[in-house]
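Here's a quick briefing to read with the structure open beside you. We'll start with one strand and work outwards from there.

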Amino acid sequence: MSRAPDGLEFPPGSKNDRSSTEANKKVWHDACAAVDAGLAERIEKEKNWRFGYAKYIREHVKVSLQSPEKALKGAQAGLDTFYNTFEFVRDGEACSVEEAMAPGKFTGTYETGFVQGKGSLGDGYEVPYKDKVLRGDALKAQIRQWAEYGTIEGSCADALCAVVDNGSWANLKDRYFVLLGAGAAMGPFLVLMALGANVIACDLDRDFVWKRLVPIAEASPGTLTFPLKKPQAECATSDELYQNAGCNIISRTPEIANWLCSLYPGQQLTIGSYVYLDGAFFVRVSLACDAIMRRLCESRRDTAIAFLCTPTDCHAIPMEAHKAALHNYSNLGWKNLVLMPIRVLSSKMLVKNAPPPVKTDAGSEIAFVDGIVVPQGPNYALAKRMQHWRAMVARSQGHVVSTNIAPSTSTLSVVKNRSFAWAYDGMPFFTPMEIFGQETSNAVMAGLLLHDINNANSAAHPSFALENPLQLFSHGSFHGGVWRCGYTVGSIGEVSVLIHFVKVLRPVLLIALLVALFAIFWQ
């Protein structure tokens with residue numbers, strides 16, 4: 001039995017269904033039609049969108065890099081299609097997302113829950129890494145080591161070192177953060193609470209979510225504000241509080257926006273989207289978050305926005321990263337020599353990670369990386385691209401935008417898939433790849449957020465000059481080596497799994513080799 005439409009939904013398709021494929025193609029078609037009619041026509045004719053989508057994203061990025069005007073025009077066209085074609089359904093009645101989010105269309109809101117933490121501020125900014133907790137000079141040395149190896153960009157190293165050097169940036173007593181998907185594995189909730197932030201948390205109305213978040217807040221030096229279905233004073237017990245806390249971002253989008261716009265007048269808010277769901281749900285919840293962020297930005301002009309970008313996407317990159325990838329592909333070190341038979345025999349594995357830079361309309365060149373991993377699917381790619389478009393458009397409208405590339409991270413949801421766990425274990429074979437633990441990723445990405453909102457000279461601020469809006473994503477990248485690896489991240493998975501098993505079976509192989517040698521010489 002199919003479910004009844006509720007909340008933010010894909011638009012009705014040609015077969016009277018809500019096809020994610022049709023809607024996906026429509027958004028990309030319109031984003032490309034605004035800047036390249038020929039590309040849009042090719043998208044319309046594509047029959048195998050599920051496995052053919054990646055090349056069109058790459059072409060869209062290349063066209064957008066030709067000029068700032070094309071980048072912003074394509075981004076706005078894509079966002080407009082989302083708002084004008086996707087629907088919001090309530091009690092069987094449907095309207096466009098644009099109409100649903102208009103002030104006054106839905107007037108409901110939430111009660112407000114509040115927790116004042118009782119903890120004390122710690123020793124400032126710190127990063128857990130492997131079996132240590134790094135601070136001060138030790139942390140700066142590790143940051144520089146990552147940069148020298150190529151695991152992060154130099155601008156990322158500069159940003160994180162600036163956070164270490166400016167201790168006041170890590171005192172967040174006067175800062176207010178809205179976290180959409182507060183309990184997300186890759187979100188900054190734990191770090192912000194530990195630094196005394198005022199966190200406004202939106203997450204599912206499931207008691208187990210709040211049984212985790214509220215005690216963390218109570219033990220922290222920060223505060224936690226959250227939506228409630230009834231007044232906090234009417235919740236007689238902690239369990240009753242947990243049962244009434246939270247919200248469904250997809251189905252209660254307008255009410256969440258109304259509630260957020262009313263909170264803490266006069267305070268600057270930084271709102272970040274950290275939600276993730278599988279498949280088509282990721283597009284729906286990402287659009288819901290975007291609609292909330294847009295409303296808040298329109299209501300409070302000093303609002304800053306934040307995202308975590310994935311390295312498995314198509315990004316503009318520094319020319320230095322492009323040159324490093326070329327070197328790592330072409331050098332004759334022992335790793336490349338070992339891999340040479342695979343490079344010769346396979347056209348799909350170990351693909352060169354250095355496409356030709358784009359020639360801009362102004363005559364310069366901008367490098368880019370194609371990190372798209374096709375099996376992740378077109379819905380994942382579209383949801384992440386929506387965030388890119390919002391980041392560029394919001395920055396052009398004067399908002400501070402913190403949007404940095406996060407590294408591949410061994411979260412529980414990833415490594416429970418055995419194939420991913422095997423691949424992650426083998427990937428560090430490829431210079432300069434590194435897979436990070438969740439605590440490390442949380443800390444470094446929160447550090448970049450602190451840098452962006454505090455440093456008026458950072459790329460997050462509209463006053464920082466960019467040749468192209470897509471270069472916003474070139475700054476502060478903690479990509480984990482994806483940009484500088486000699487091979488595209490989408491082409492090293494199978495070989496990484498093979499390397500994993502070589503590592504696991506190395507003792508057995510060594511014993512077998514010794515037995516063989518003994519047998520040969522014994523004769």
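Strand 10 sends L269, I271 and S273 one way and T270 and G272 the other way, with every one of them buried. Keep in mind that this is a predicted model. Strand 10 covers residues 269-273, and 5 of its 5 residues are buried.

**Strand 10 and its partners**
- Strand 7 (residues 176-180) pairs with strand 10 in the parallel sense, over 5 bridges.
- Within that pairing, V178 sits opposite I271 of strand 10.
- Strand 11 (residues 304-309) also runs parallel to strand 10, and 4 bridges join the two.
- If you want a reference point there, T270 has A304 in strand 11 as its bridge partner.
- As background, side chains in a regular strand alternate between the two faces of the sheet.

**The nonpolar cores**
- The largest nonpolar core holds 107 residues, and the members touching the most others are F82, F86, L180, L260 and F430.
- Helix 12 (residues 280-299) is the top contributor to this core, giving 11 residues.
- What does L260 touch, leaving out residues up to four places away in sequence? Its contacts are V178, L180, I200, C202, L269, I271, I292, L296 and R300.
- A second core, separate from that one, has 57 residues, including I143, M193, M445 and L449.
- Nonpolar side chains do tend to be buried together in soluble globular proteins.

**Helix 12**
- Helix 12 is mostly covered, with 16 of its 20 residues buried.
- How far apart are the end C-alpha atoms of helix 12? They are 29 Å apart, which agrees with the 28 Å that its 20 residues should span at 1.5 Å a residue.

**Strands 1, 2 and 3**
- Strand 2 (residues 87-90) points E87 and V89 one way and F88 and R90 the other way, and all are buried.
- Strand 1 (residues 7-9) runs antiparallel to strand 2, joined by 3 bridges.
- G7 has V89 in strand 2 as its bridge partner.
- On to strand 3 (residues 93-96): 4 bridges join it to strand 2, again in an antiparallel run.
- R90 stands opposite E93 of strand 3.
- Strands 2 and 3 make a hairpin with 2 residues between them, and D91 in the turn has a positive phi of about 55°.

**A three-stranded open sheet**
- An open sheet is built from 3 strands in the order 12-14-13, with antiparallel pairing.
- Strand 12 (314-317) and strand 13 (358-359) are the edges: each has a single partner strand, so one side of each lacks a neighbour in the sheet.
- Strand 13 pairs with strand 14 (residues 365-370) over 2 bridges, in the antiparallel sense.
- V358 faces I366 in strand 14.

**The whole chain**
- Overall, the chain has 19 helices and 15 strands.
- Its radius of gyration is 24 Å, which agrees with the value near 24 Å for a compact globule of 523 residues.
- Along the principal axes, the C-alpha atoms fill a box of roughly 85 × 55 × 50 Å.
- Of the 523 residues, 55% are buried.
- Among contacts with a separation of 6 or more, 77% link residues 24 or more positions apart.
- The chain exposes about 22,700 Å², and carbon and sulfur atoms supply 55% of that area.

Notes:
Residues are numbered from 1 along each chain as its sequence is written. This is a predicted model: local features need pLDDT of at least 70, side-chain atom pairs count only at pLDDT 80 or more; totals for chains, interfaces and linings use all residues. Side-chain values use heavy atoms; hydrogens and water are left out. A nonpolar core is a set of buried Ala, Val, Leu, Ile, Met, Phe, Trp, Tyr and Cys residues joined through side-chain atoms within 4.5 Å. Buried means under 20% relative accessible area, exposed over 50%, partly exposed in between (1.4 Å probe, protein chains only). Contact means heavy atoms within 4.5 Å. Two strands pair if DSSP finds at least two bridges between them. The radius of gyration is taken over C-alpha atoms; the globule rule is 2.2 Å times the number of residues to the power 0.38. Accessible areas come from the Shrake-Rupley method with a 1.4 Å probe; for residues, only the protein chains shown count as cover. The expected span of a helix is 1.5 Å times one less than its number of residues.
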